[in-house]
Amino acid sequence: MDIESLRSFIACVENDSFTRAANQLHRTQSAISMQMKKLQEDIGKPLFEKSGRKMHLTQDGHTLMRYAKQLVRLHDDTLTHMRQSERATLLRLGCPDDYADTILPSLITLLHQHWQNLELDIHCMSSNRIKDALDQGELDLGVITRSPDSEEGLFLYHDQGVWVGTWHPETPISLAVFQRDCRFHQAAIEGLMKQERPFKVIANCQNASALRALVKAELAIGALARSSVEGLNILSDQDLPPLPSIDVVLIRSNTPPNPVKETDLKQISRGFHPTD
């Protein structure tokens with residue numbers, strides 16, 4: 001039971017004539033008759049019966065007519081949708097997880113506005129790992145931190161490092177920091193060493209949730225970006241060494257194929273506003 005036979009069947013019923021159906025469909029009457037014969041053979045039941053010189057639908061013919069209209073409509077709608085729908089754009093995005101709350105919501109909104117049919121894969125990792133993955137062609141787009149005096153990438157957001165947690169100056173410092181490639185890791189440890197202040201690193205954390213958990217449990221103080229504080233107590237104690245400011249930027253891979261062009265990068269950067 002093919003769709004063209006059903007289309008011819010509908011035309012025969014609506015025109016009340018094989019001849020008029022053939023004219024409408026630009027087919028010969030014999031071709032229409034052959035289709036109706038084959039359709040009845042497929043179903044195993046007669047669809048028409050003669051009354052004088054006219055053909056009338058049987059009860060099974062009436063039943064098929066209801067379903068035939070639905071089947072032809074569904075077939076045509078499916079073809080139209082499939083032909084009109086655009087191929088999905090796959091974009092692999094890398095972002096440090098401590099920027100998920102402030103950077104990702106606005107950025108993802110912009111990306112979906114820029115590519116209407118977007119398939120987005122998000123990978124959370126450190127800035128250095130993101131840059132390595134971009135160089136290897138494993139990512140198309142990356143959110144990373146840079147020094148304010150660097151020109152790497154396109155600017156998204158300026159941030160400042162802060163100390164968080166609960167600390168009493170007379171006690172040794174227990175410290176939770178990100179991995180060694182984090183700028184706050186280096187600045188916190190070097191700053192405390194220059195002050196000759198007793199401290200112990202109790203954890204080098206791969207992600208922000210682990211660092212926040214240790215700080216919330218008052219097992220350590222931490223060093224991270226102000227935008228990543230998420231309810232933690234910011235320490236304003238002047239005795240702690242200052243932490244650097246950073247710029248959050250957007251960079252793309254130069255390894256083809258990459259759906260993100262330089263012009264795309266500029267438009268997204270210009271339209272970006274971080275979530276408060």
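Here a colleague asks a modeller about the pockets and strand pairing of this predicted model.

Colleague: Glad to have you here! How much space lies in the largest pocket?

Modeller: Happy to help. Remember that the model is predicted, and that the volume is a computed value for space left between atoms. For the largest pocket, that space comes to about 410 Å³.

Colleague: Which element gives the most to the lining of the largest pocket?

Modeller: The lining has 22 residues, and P96, D98, S126, S127 and C182 lie nearest the centre of the pocket. Two elements give two or more residues each, namely α6 (127-135) and α7 (183-194). With four residues, the element that gives the most is α6.

Colleague: Nice. How many charged residues are in that lining of the largest pocket?

Modeller: Let's go through the lining of the largest pocket by class. Nine of its residues are nonpolar and seven are polar. The charged residues number six.

Colleague: Now the second largest pocket: what is its volume?

Modeller: Its lining is made of 14 residues. Nearest the centre lie C12, D16, S17, F18 and M55. The volume of this second largest pocket is about 270 Å³.

Colleague: And which element supplies the largest share of the lining of the second largest pocket?

Modeller: Three elements give two or more residues to it: α1 (3-15), α2 (18-25) and β2 (54-57). By class, the lining divides into six nonpolar, four polar and four charged residues. The largest share is four residues, and it comes from β2.

Colleague: Let's turn to the strands. Over how many bridges do β6 and β11 pair?

Modeller: Strand β6 covers residues 154-164 and strand β11 covers residues 245-252. One place to look is F155, which stands opposite V249 in β11. The two strands pair in the antiparallel sense, and the number of bridges is six.

Colleague: Which residue in β9 is the bridge partner of V162?

Modeller: Strand β9 (residues 221-225) pairs with β6 in the antiparallel sense. That pairing runs over four bridges. Within β9, the partner of V162 is L224.

Colleague: Last one, and thanks for your patience! In β10, what is the bridge partner of V164?

Modeller: My pleasure. Strand β10 (residues 234-235) also pairs with β6, in the antiparallel sense and over two bridges. The residue in β10 that partners V164 is I234.

Notes:
Residues are numbered from 1 along each chain as its sequence is written. This is a predicted model: local features need pLDDT of at least 70, side-chain atom pairs count only at pLDDT 80 or more; totals for chains, interfaces and linings use all residues. Side-chain values use heavy atoms; hydrogens and water are left out. On a 1 Å grid over the protein atoms alone, a cavity is a set of points where a 1.4 Å probe fits but cannot get out, and a pocket is an open set with protein on both sides within 12 Å along at least five of seven lines; lining residues have an atom within 4 Å of a point. Grid points are joined across faces, edges and corners, and a volume is the space filled by probe spheres set on the points. Ala, Val, Leu, Ile, Met, Phe, Trp, Tyr, Cys and Pro count as nonpolar, Asp, Glu, Lys and Arg as charged, and the others, Gly among them, as polar. Two strands pair if DSSP finds at least two bridges between them.
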